[in-house]
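Colleague: Could you take one helix in this model and look closely at how it is packed, and then place that part in its wider setting? Please give the cut-offs as you go, since I would like to recompute the values myself.

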Amino acid sequence: MTSSPSDTLDEIDEEWWLNPPDDLEGQLTIFNARLDHLQDKTPEGQELRAIFLKLNNEAEALSKQAKEDCPIAFMRLGWEQALKCNSWVWGIGFDVDFDANRKGKTCCSIINAILYILPNDPHWKMFSCYTDDWGRIVQVLQRPTAQKILKIRNYLKEHPELKGDPFKQPYDEENIEKFASLQIALPDCFKPAYPQACYQEKNNTLWHGAPDSDYHKDIIMPEWRKWLPKSVVGRDSDYDKTIDLTFRIGKAEYNWYLVFKSYESKDTKWSGAAVSGILLTEGVKEETLDEIRQRFRNDAFGHWDYTPYEPRNVGAKTAIAHKVFKGQVELPLSPFVFSGFGIDKTPTFILPEEKRKEMISMWAGTAQGEARIRGKFFTSSPVVLTNLDRFFHTIPWTKEELFARFPEGNLYRGLDPGYDHPTACAWGLLNKVNTWFIYRIYSKAGTSIPQRCKEIVEASGNTRIEKKWGRGEDDKYYTEAPKGGESESIIATIADFHVFKDDENTKQSYATNYTKQGLTLIPSTTMRPRDRAQKFDELLQPDLTRAHPVLRKPPAAKVYFLINEPGVAEAVERLENIFWDRYRSGDRLGEPKDEIQSHDDDEFDAMCYLLCSPVRWMPRSTFQMSATSSKFASLQNHKKQRPLFASTGY
């Protein structure tokens with residue numbers, strides 16, 4: 001018998017077992033050809049079983065060596081990890097992962113980056129599908145080129161109706177129809193780049209940010225080494241915090257330079273030419289994030305993983321993360337924020353069951369547990385407007401629709417002046433049943449009194465008419481007058497009562513400066529901020545005796561917001577983030593007290609001046625004169641003059 005037996009049974013010597021082959025290929029051929037005799041109680045069966053043990057040992061050794069040489073080839077992802085690695089399908093170039101602890105977030109970001117860097121070998125384990133313990137299909141899709149991913153992103157901006165739900169896999173039932181339509185529209189864009197890499201450029205740079213050097217040395221860089229193929233790693237330096245990768249495709253050589261940057265570094269260390277990828281781990285300061293946002297190439301990718309374990313009302317890093325979560329801070333590359341994934345469906349190969357139970361035991365029922373085990377933002381102080389519900393209190397009407405539905409409505413403005421902090425103005429319509437509809441918000445810092453008065457008057461569709469009271473050049477004032485068309489007949493502008501204090505130099509009310517600029521003011525209620533806040537919250541409370549203006553059935557509230565009108569959506573966002581202040585020291589350190597926060601409450605105050613005033617709806621004929629008439633203005637110039645409210649209770 002030769003040392004290389006034939007693959008066919010007929011050509012194998014019947015007494016092969018007397019002289020079994022030594023080479024692996026010969027043993028494998030014999031084993032496959034005589035597999036049916038594995039259990040025979042004959043010398044042949046005994047030798048087959050011996051060959052089986054040898055092959056098994058050899059396979060284990062080869063598998064171990066293969067895993068050491070190319071560990072990513074054997075990587076299996078969880079459903080949520082695969083979800084984020086598949087987000088490119090919907091044109092997402094910057095996936096943000098604000099979820100619970102111990103879910104493999106940082107590992108996922110690194111695997112996702114490697115799939116952009118290296119050719120996606122279809123034999124890698126992650127590209128085969130499997131069903132997890134919760135019956136979900138898990139499969140990572142191979143990447144096309146970066147230019148094709150960019151083409152998908154741009155196409156979806158023009159056709160947003162084809163974008164599926166990123167919280168579901170592209171192949172899940174909820175997305176399969178849109179995914180198929182997208183593939184039909186862009187057939188070439190979903191073909192894997194393999195054997196090419198995603199990026200065709202010969203030299204690319206990736207930054208990975210983390211809190212400090214020790215974090216890189218102990219956590220981030222070891223995680224990269226854990227998954228990178230040994231054959232592609234060149235220079236690897238803990239001291240310089242760099243890992244250089246080199247691989248060949250045909251005759252072409254490709255290089256990637258992984259640079260590990262610390263957030264504690266000065267801003268200049270985050271400056272420079274745009275790069276192909278940036279990964280962020282843990283919380284980032286706002287000024288650092290502002291610098292980072294400018295450093296992406298157009299076809300780059302980004303990832304940010306962070307568990308918001310600090311209260312969003314006091315933790316600076318969590319506060320900026322929450323702004324990103326709410327869309328108040330824009331990231332590049334068509335970003336998407338994944339949040340709310342808890343540890344309940346984390347695979348045991350990521351989070352062992354005993355550790356999961358231990359975490360739940362430690363954090364269940366605590367505010368911080370919202371973040372650590374449920375992946376949600378939390379606060380250390382209660383929100384002021386507990387009754388505010390975005391779905392219930394926001395209305396998609398336009399201002400024109402509002403005016404058409406309530407042509408008899410009374411129009412008012414609430415004003416909170418400021419220079420260093422924004423001047424805020426809120427426009428409200430009060431209907432016959434004394435329900436407020438906030439339909440416009442103005443908020444702008446750094447404006448002079450003439451500028452803010454002019455802009456507020458013009459926002460109402462009105463104009464300022466210059467008047468003279470003397471012969472001097474400065475002896476002039478303005479009155480607000482209808483401009484026609486979109487003009488709004490404002491009954492009164494209700495301002496912070498502090499504006500009516502006397503100027504120490506002129507001995508005149510500060511409000512006179514506004515009257516001279518065409519914005520006649522009347523003083524707001526003198527209620528404390530705490531009482532105004534509670535009154536505002538009471539008006540938001542559902543009332544079973546009223547019908548909702550859109551749903552046409554109870555319950556209803558006494559305040560609504562036209563969410564699509566200028567400035568209203570942004571103001572509602574801020575209302576959702578107004579907190580009761582906390583004790584800064586003493587035995588009650590950290591506990592909430594009966595005072596609201598002293599910053600970012602300008603729109604809130606402007607609305608309070610409207611909603612907490614004693615005005616009630618009255619027919620327009622009741623008002624003898626317009627609130628913008630010169631006679632009304634002269635009446636209001638005197639600080640002791642009571643405002644002309646349509647109410648007997650003021």
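Modeller: The answer below begins with the basis of the values, turns to the helix and its surroundings, and ends with other parts of the chain.

This is a predicted model, in which local features need pLDDT of at least 70 and side-chain atom pairs count only at pLDDT 80 or more, while totals for chains, interfaces and linings use all residues. Residues are numbered from 1 along each chain as its sequence is written, and side-chain values use heavy atoms, with hydrogens and water left out.

The chain has 19 helices and 21 strands, these being DSSP runs numbered from the N terminus (helices H or I of at least four residues, strands E of at least two). Of its 650 residues, 50% are buried, where buried means under 20% relative accessible area, exposed over 50%, and partly exposed in between (1.4 Å probe, protein chains only). Among contacts (heavy atoms within 4.5 Å) with a separation of 6 or more, 66% join residues 24 or more positions apart.

The helix I would choose is H14, residues 449-459, whose buried residues are Arg-452, Cys-453, Ile-456 and Val-457. Viewed down the axis of H14, these residues fall within an arc of 130°, so they line one face of the helix; the arc is that of the directions from the helix axis to the C-beta atoms. The buried residues of H14 pack against strands S12 (410-416), S13 (423-430), S14 (436-444), S15 (462-468) and S16 (476-482), and also against helix H15. Just after H14, Gly-461 adopts a positive phi of about 75°.

One residue of the surrounding strands can be followed in detail: Ala-481 lies in S16 and, at 11% relative accessibility, counts as buried. The C-alpha atoms of Ala-481 and Val-457 are separated by 8.8 Å, although their positions lie 24 residues apart along the chain. Leaving out residues up to four places away in sequence, Ala-481 touches Asn-462, Thr-463 and Ile-465.

On the side of H15, Val-499 sits in the loop between strand S17 (490-495) and helix H15 (511-516), and its relative accessibility of 11% makes it buried. Beyond its neighbours within four places in sequence, Val-499 is in contact with Pro-417, Ser-509, Tyr-510, Ala-511, Tyr-514 and Leu-521. Val-499 and Pro-523 are 24 residues apart in sequence, with their C-alpha atoms 7.8 Å apart in space.

Helix H16 (residues 529-540) can be set beside H14, and its buried residues are Arg-532, Ala-533, Phe-536, Asp-537, Leu-539 and Leu-540. They cover an arc of only 160° around the axis, which puts them on the same side of H16. At 1.5 Å a residue, the 12 residues of H16 should span 16 Å, and the end C-alpha atoms are 17 Å apart, which agrees; the expected span is 1.5 Å times one less than the number of residues.

Turning to charged side chains, the structure holds 32 salt bridges, each a side-chain nitrogen of Lys or Arg within 4 Å of a carboxyl oxygen of Asp or Glu. One of them joins Arg-390 and Glu-576 at 3.2 Å, N to O. This pair links distant parts of the chain, with Arg-390 in helix H12 and Glu-576 in the loop between helix H17 (568-575) and strand S20 (580-582), 186 residues apart. Arg-390, at 30% relative accessibility, counts as partly exposed, and a network of salt bridges links Lys-326, Arg-390, Glu-573 and Glu-576. A local case is Glu-358 with Lys-355, whose closest N and O atoms are 2.8 Å apart; being three residues apart in helix H10 (residues 353-363), the two are separated by about one helical turn.

Helix H12 (residues 390-393) also holds Phe-391, which counts as exposed at 67% relative accessibility. Phe-391, Val-550 and Leu-551 form a nonpolar patch on the surface, with about 310 Å² of accessible area together. Patches are made of residues with over 30% relative accessible area and no salt bridge, like charges being joined within 9 Å and nonpolar side chains (Val, Leu, Ile, Met, Phe, Trp, Tyr) within 5 Å. Accessible areas come from the Shrake-Rupley method with a 1.4 Å probe, and for residues only the protein chains shown count as cover. For the chain, the accessible surface comes to about 31600 Å², of which 49% belongs to carbon and sulfur atoms.
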